[in-house]
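Please take a moment to look over the sequence and the model shown here before reading on, and keep both in view while you follow the text.

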Amino acid sequence: MSLASGAFVGRSGARPPTVALFGLAGAGWVALVITHLDPAGGHEHHLPGADRTMGDVLGRWAVMVVATMALAAVPLAQHVFANSLRWRRRRAASLAVLAYLCGWCLAGLPVAAGVIALERTVLVGQGSAVVVSGALLVAAAWQISRARRRLSARCRRSVPLPLRGVPADAASVRFGLQQTVGCLVTCGPLMASMALATGPLHLLMAAMMTAIVASERLIGLHARGRSAAAAGISLGAVVVALAG
Amino acid sequence: MADGVRTRRDVWELSSPDPWHPVLLAYARAVQAMQQRPRTDVRSWGYQAAIHGTTEAAPRGARWNECKHGSWFFLPWHRLYLDHFERIVRAVVVEQGGDESWALPYWNFEAPGADALPPAFRARTLPGGNTPNPLFVPQWAPGINTGGRLPVARLASSRALAARTYMPPPGAGFGGGRSGPVQFFGASGDIERTPHNDMHVLIGGTGLMGDPNRAALDPIFWLHHANIDRLWSEWIELGQGRTNPTDRTWRNQRFPFADERGTTVQRTVTQSLSTQALGYTYDTLADDELPVAPAAATGSGGPTRRETAMELVGASEAPVRLVGATARVDVEIDRRAAESFAAGNESVTPARVYLALEDIEGDRNPGIVYEVHLVSSRRGAARGDRHVGNVSFFGIEHVASPDSDDAHGMRHVYDVTDLVGALGAGGDWTREGVRVEFRPLGLLPPDDADDDDGPTDDDAAELPATPIPVRIGRVSLFFE
């Protein structure tokens with residue numbers, strides 16, 4: 001399901017922002033892989049229980065957000081782009097996407113604090129796999145819960161966009177943040193469990209997250225799709241438990 | 001019945017001179033029998049209605065809440081739904097000793113003298129006067145069950161039939177826009193908006209017909225939809241490029257239904273394209289049905305879909321709140337956008353102009369249809385009839401429902417090219433913008449107020465003390 005449904009997704013004026021967002025997601029993925037390969041900043045050197053700083057965790061969260069959530073912003077960007085005046089389409093869509101991603105980055109603050117607290121207490125040795133696996137199971141259950149479905153309705157609400165000026169900019173930002181809140185509710189548990197994961201599993205989980213988010217936002221997942229996603233996450237939980 | 005093909009006939013023609021034509025009496029008795037079946041029986045009245053929509057929790061395995069609106073599946077899904085319902089009703093009719101050629105009537109409200117609810121649906125009792133009439137439903141809009149007449153001129157199907165394409169590209173399109181197989185979406189076809197949605201609201205108000213979760217409980221629902229189905233066939237017969245989508249995504253979509261034995265069957269959109277193959281026709285159609293065009297070789301596209309070069313050029317500054325009275329909003333045209341459009345195109349004049357009502361939100365259907373008019377914002381301009389179309393809010397509960405898979409604000413788009421041209425010819429079109437007016441559309445008084453046997457307005461659904469508000473987030477103008 002796309003916010004642009006029923007809207008005019010035109011090709012006049014400038015290219016729709018879809019390609020740019022795919023590029024941004026690709027760049028995020030390159031950065032994510034590099035952080036795993038880089039011996040200095042690689043995650044392998046931040047084993048559970050190691051002394052990671054807020055900056056480390058937040059930096060990794062931001063990269064993860066760009067890699068996995070940029071595609072989720074495609075409907076948002078398309079809608080704003082198509083429903084704004086030609087001469088301010090890019091600005092309006094960029095503001096909305098920026099607000100969306102910044103919202104996600106801000107949400108990383110409590111997540112990072114929680115991860116660090118857990119790393120210094122529970123996430124030591126074998127306990128790490130159990131916690132990550134448990135978090136994934138919670139995320140899987142959330143994926144098919146009625147509560148999530150009800151709350152995710154806000155992801156599909158759009159905001160009337162004024163023609164121009166400060167009100168138009170404010171509406172773009174508000175729309176972007178509204179989308180962040182909706183996505184936090186629906187994808188937050190999965191993102192949080194990813195923040196806990198370490199090593200190659202983290203990359204695998206990020207790939208799974210990207211696939212789920214892209215399917216949900218670009219194609220539209222209905223009951224069967226949601227169940228398949230939950231099954232995939234549960235399988236991930238088993239793999240993490242066994243690997244741990 | 002020729003070659004096993006049954007003919008659906010107009011209810012008003014059947015109603016004259018005797019309101020209780022055998023076809024209608026058989027329908028009434030079959031409805032009564034189906035209403036007595038347990039709701040868990042797929043052939044019961046309650047179950048059949050719940051396939052369209054219900055607020056009740058579905059029993060395990062039940063396929064309820066399946067109706068398709070605001071989507072290119074609107075017409076085929078409802079055709080197949082009616083076809084299977086008709087098979088179930090016919091089986092009951094035959095069980096009761098009725099005719100095997102029984103077919104569902106349709107209500108062509110546009111025929112002369114057919115603009116009021118058919119008399120068999122207004123009578124409290126069946127012939128003889130002792131048995132309550134199952135076709136009579138008290139939850140209708142006030143006035144409709146006392147012979148109130150539909151404002152046919154404002155509900156004319158001719159506007160929808162004039163569309164040459166099935167899918168809106170994006171303004172005008174007969175059948176609806178591309179979408180997944182969802183309940184409510186944002187791409188209603190012209191026929192779905194008017195007369196379909198408007199009729200639901202004008203007949204049902206805030207009662208059964210006005211609510212997709214209860215609409216199919218009303219026996220008139222099926223006759224109304226048979227008429228919409230007939231209009232689909234009429235549209236194809238009009239030719240001149242009018243064809244169904246050839247897209248395989250559309251053609252191959254499957255929907256489950258239950259047949260007269262209660263067995264679940266899967267039906268594809270392709271199977272819905274020939275009424276004669278389904279075993280019925282309409283008395284207004286030619287004997288020879290046009291051949292069904294094959295599906296396109298490619299997986300997407302189709303002759304009715306094209307890229308659009310739409311450009312926003314103006315919009316209202318504030319939302320419009322509709323509360324049962326006339327409301328107006330100014331749509332300002334952005335000079336820079338208009339100049340930019342003209343600079344980027346060969347012609348200064350846009351090929352098409354579209355008016356969009358966006359982000360329409362409301363908790364419930366207010367049971368009111370609004371006419372949409374273009375009015376010049378120029379002082380002293382002539383106040384001509386610039387009727388854009390109607391907007392009604394059938395299904396807004398679904399759109400606003402958090403339980404809906406595709407909840408978001410409704411959006412309606414109207415092609416206003418000709419109206420803008422008329423405003424321009426009269427010197428009433430200004431570069432600054434245009435005013436859009438919303439006027440409530442009501443029933444007309446009955447032709448004959450003498451309706452002794454009919455119910456009174458006391459039977460009508462109770463209207464809220466204050467009209468239910470609906471908000472239109474933005475009214476905008478697009479050039480193509």
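The paragraphs below go from one chain to the core, and then to particular helices, strands and backbone features. The model is a predicted one, and it is best read with that in mind.

Chain A is a good place to begin, since its secondary structure can be put in few words: nine helices and zero strands. If you read along its sequence, the pattern is α-α-α-α-α-α-α-α-α. Of the 244 residues in chain A, 48% are buried. When contacts in chain A between residues at least 6 apart in sequence are considered, 83% of them join residues at least 24 apart.

From here we can turn to the nonpolar core. The largest nonpolar core holds 192 residues, and the ones with the most contacts inside it are Ala73(A), Ala77(A) and Ala96(A). Helix α4 of chain A, which covers residues 89–119, gives the most to this core, with twelve residues. Chain B takes part as well: its domain 1 (6–282) and its domain 2 (311–479) both give residues to the core, and therefore the core lies between these two domains. To see what surrounds one of these alanines, find Ala77(A), which, if residues up to four places away in sequence are left out, touches Pro17(A), Leu21(A), Ala93(A), Ala96(A) and Val97(A).

In chain B, helix α7 deserves a careful look. All 15 of its 15 residues are buried, so that α7(B) is mostly covered. How far apart are the end C-alpha atoms of α7(B), and what span should its 15 residues have? At 1.5 Å a residue the helix should span 21 Å, and the end C-alpha atoms are 20 Å apart, which agrees. There is nevertheless a bend of about 30° in α7(B), placed at His196(B). Pro195(B) also lies in this helix, which runs over residues 190–204 of chain B, and the peptide bond that joins Thr194(B) and Pro195(B) is cis, with omega about 15°. Just after the helix, Gly205(B) takes a positive phi of about 55°.

The cis bond invites a wider look at the backbone. Most peptide bonds are trans, and most residues other than glycine have a negative phi. Another cis peptide bond leads from Ser16(B) to Pro17(B), with omega near 5°, and Pro17(B) has its place in the loop between α1 (11–14) and α2 (22–36) of chain B. A positive phi of about 55° is found at Asn65(B), although this residue is not a glycine. Asn65(B) lies in the loop between α3 (45–52) and α4 (74–95) of chain B, and it counts as partly exposed because it has 19 C-beta neighbours inside 10 Å. Asp359(B), also a residue other than glycine, has a positive phi near 50°. Asp359(B), however, lies in strand β8 (residues 353–361) of chain B. Is Asp359(B) buried or exposed? Asp359(B) is buried, because 20 other C-beta atoms lie within 10 Å, and 20 or more is what the term buried requires.

Strand β8(B) leads on to one of its partners, β13(B), and eight bridges join the two strands, which run antiparallel. Within this pairing, Leu355(B) stands opposite Leu477(B) in β13(B). Strand β13(B) also has four bridges to strand β5 (residues 311–315) of chain B, again antiparallel, and here Glu311(B) has Phe479(B) as its bridge partner. Strand β6 (residues 320–322) of chain B pairs with β13(B) over three bridges in the antiparallel sense, with Val320(B) partnered by Ile472(B). Why can β13(B) be called largely enclosed by the rest of the structure? Nine of the ten residues of this strand, residues 470–479, are buried, and so the strand is largely enclosed.

Strand β9 of chain B, residues 369–375, can be read in a similar way: five of its seven residues are buried, so this strand too is largely enclosed by the rest of the structure. Seven bridges join β9(B) to strand β12 (residues 433–441) of chain B, while four bridges join β9(B) to strand β10 (residues 387–391) of chain B. The two strands run antiparallel in the pairing with β12(B), and they do so in the pairing with β10(B). His373(B) is a helpful residue to find here, as it stands opposite Glu437(B) in β12(B) and has His387(B) as its bridge partner in β10(B).

Methods: Residues are numbered from 1 along each chain as its sequence is written. Chains are lettered from A and ligands numbered from 1 in the order in which they are written. This is a predicted model: local features need pLDDT of at least 70, side-chain atom pairs count only at pLDDT 80 or more; totals for chains, interfaces and linings use all residues. A nonpolar core is a set of buried Ala, Val, Leu, Ile, Met, Phe, Trp, Tyr and Cys residues joined through C-beta atoms within 7 Å. A residue is buried if 20 or more other C-beta atoms lie within 10 Å of its own, exposed if 12 or fewer, and partly exposed in between; C-beta atoms are placed from the backbone. Domain bounds come from an automatic or database domain assignment. Two residues are in contact if their C-beta atoms, placed from the backbone, lie within 7 Å. Two strands pair if DSSP finds at least two bridges between them. The expected span of a helix is 1.5 Å times one less than its number of residues. The bend at a residue is the angle between axes fitted to the seven residues ending there and the seven starting there.
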